[in-house]
Amino acid sequence: MKNLFLFVWKYYFFILFVLLQSICFYLIIRNKNFHQAGFINSTNKVATSVNNIVSAVTEYISLKESNEALSRENAALKTLMPDVFYIDSVQQRLVNDTQLLQQYTFTPAKVINNSFNRRNNYLTLNKGTRHGIDTGMAVVNSSGVVGIVKNVSPHYSSVMSLLHKDTRLSARIKKNNYIGSIVWNDGVDPDRVTLNDIARHVPVAKGDTIVTSSYSAIFPEGIMVGTVESIDQNSGMNFFKITVKLSTNFRNLTTVFVVNNLMKTEQLQVQEGQVIE
């Protein structure tokens, strides 16, 4: 008690000043509507800001619990989705081209594994021999070329991606039909390949469309490969070195089509000079 008395006595003038200021402030607000309204508005703004901050902090603290609850709900819902079941049936789309006398079947498949940042890249599909898939078949998607089937099992198949050092693809410049070879020389950039074997006298320009040629017994003619991005005219060779920006985005492959050329055997036999009766 003695200490309290000494404290009041020591700061007597300051305490009196604060008390008088508080009384004056109260009288001003009490007797002046304008000041009263301003004070109330200011108080409401401060209270609203504080409430917003408290609400945001509370929501942030409870965010982890909300995310966990949503994850549990999503997991429960996904167990009811058709995608979690292995579909053993197969649907094929038959394309008859009476002009080229070629027939192709297109079998949809789901990409369950994929690499694009290695020197030799592969994909794994959820379709195999039970679905009519065999080695040497072409793989495409809605955007363009993807790769070639290399190994198969009853339910799965492995695909050598276009992004592989051993992949060679016959392609042509769409506007003038000049034929070249697509390779992935870079081994680094999954968005670009090289078009080789285009002679320096061939008219080619940035933006030209590159598609598969009729020289392939694997890919149908006219499948999109990409567009010309740059042309190296100073290679010192008789051919251009053309960089092609791929139309297929290998970073987000989900659904593809396995293409079967039903006349592939006959075509290869004729090309090798074998007599077919």
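D197 comes out as partly exposed in this predicted model, with a relative accessibility of 47%. The residue belongs to strand β9, yet its phi is near 70°, a positive value in a residue other than glycine. N177 makes a natural companion case, since phi is near 70° there too, and again the residue is something other than glycine. N177 is found in the loop that links β7 (169-173) with β8. Its relative accessible area is 47%, so N177 is likewise classed as partly exposed, as that value falls between the 20% and 50% cut-offs.

From D197 the trail leads across to S181, as D197 is one of the residues that S181 contacts. S181 sits in strand β8 and is buried, with a relative accessible area of 17%; that counts as buried because the cut-off is under 20%. Setting aside neighbours within four places in sequence, the contacts of S181 are R168, L169, T194, L195, N196 and D197. Of these, N196 in β9 is the residue standing opposite S181.

The pairing around β9 goes both ways. On one side, strand β8 (residues 179-183) runs antiparallel to strand β9 (residues 192-199), the two being joined by 3 bridges. β9 also runs antiparallel to strand β12 (residues 239-246), this time with 6 bridges. In that second pairing, R192 has K245 in β12 as its bridge partner.

Another serine, S161, turns up in strand β6 (residues 157-164). With 0% relative accessibility, S161 is buried. Some 14 residues separate S161 from G147 along the chain, but their C-alpha atoms are just 4.3 Å apart. G147 also appears among the contacts of S161 once neighbours within four places in sequence are left out; the full set is N121, Y122, L123, V146, G147, T167 and F250.

V146 and G147 come up again in the surroundings of V139. Ignoring neighbours within four places in sequence, V139 is in contact with L125, V145, V146, G147, V149, V159, F219, V256, F257 and V258. V139 is also a well-connected member of the largest nonpolar core, which has 43 residues. The members touching the most others there are L125, V139, I182, L195, I210, I242 and V258. Two of these names, L125 and V258, are contacts of V139, while L195 is a contact of S181.

Not every nonpolar side chain is tucked away, though. L19, L20 and I23 make up a nonpolar surface patch of about 270 Å². I23 is part of helix α2 (residues 12-31). At a relative accessible area of 41%, I23 counts as partly exposed, and patch membership requires over 30%, so I23 passes that cut-off.

Zooming out, the protein has 4 helices and 13 strands. Of its 277 residues, 30% count as buried. Among contacts with a separation of 6 or more, 56% are between residues 24 or more positions apart. The accessible surface of the protein adds up to about 18300 Å², and carbon and sulfur atoms account for 57% of that.

Methods: Residues numbered from 1 in each chain as written. Predicted model: local features only at pLDDT ≥ 70, side-chain atom pairs only at ≥ 80, totals over all residues. Heavy atoms only, no water. Core = buried A, V, L, I, M, F, W, Y, C linked by side-chain atoms within 4.5 Å. Buried < 20%, exposed > 50% of the residue type's maximum accessible area, 1.4 Å probe, protein only. Contact = heavy atoms within 4.5 Å. Patch = residues over 30% accessible without salt bridge, like charges linked within 9 Å, V, L, I, M, F, W, Y side chains within 5 Å. Areas by Shrake-Rupley, 256 points an atom, 1.4 Å probe, with all protein chains shown as cover. Salt bridge = Lys/Arg side-chain N within 4 Å of Asp/Glu carboxyl O. Pairing = 2+ DSSP bridges.
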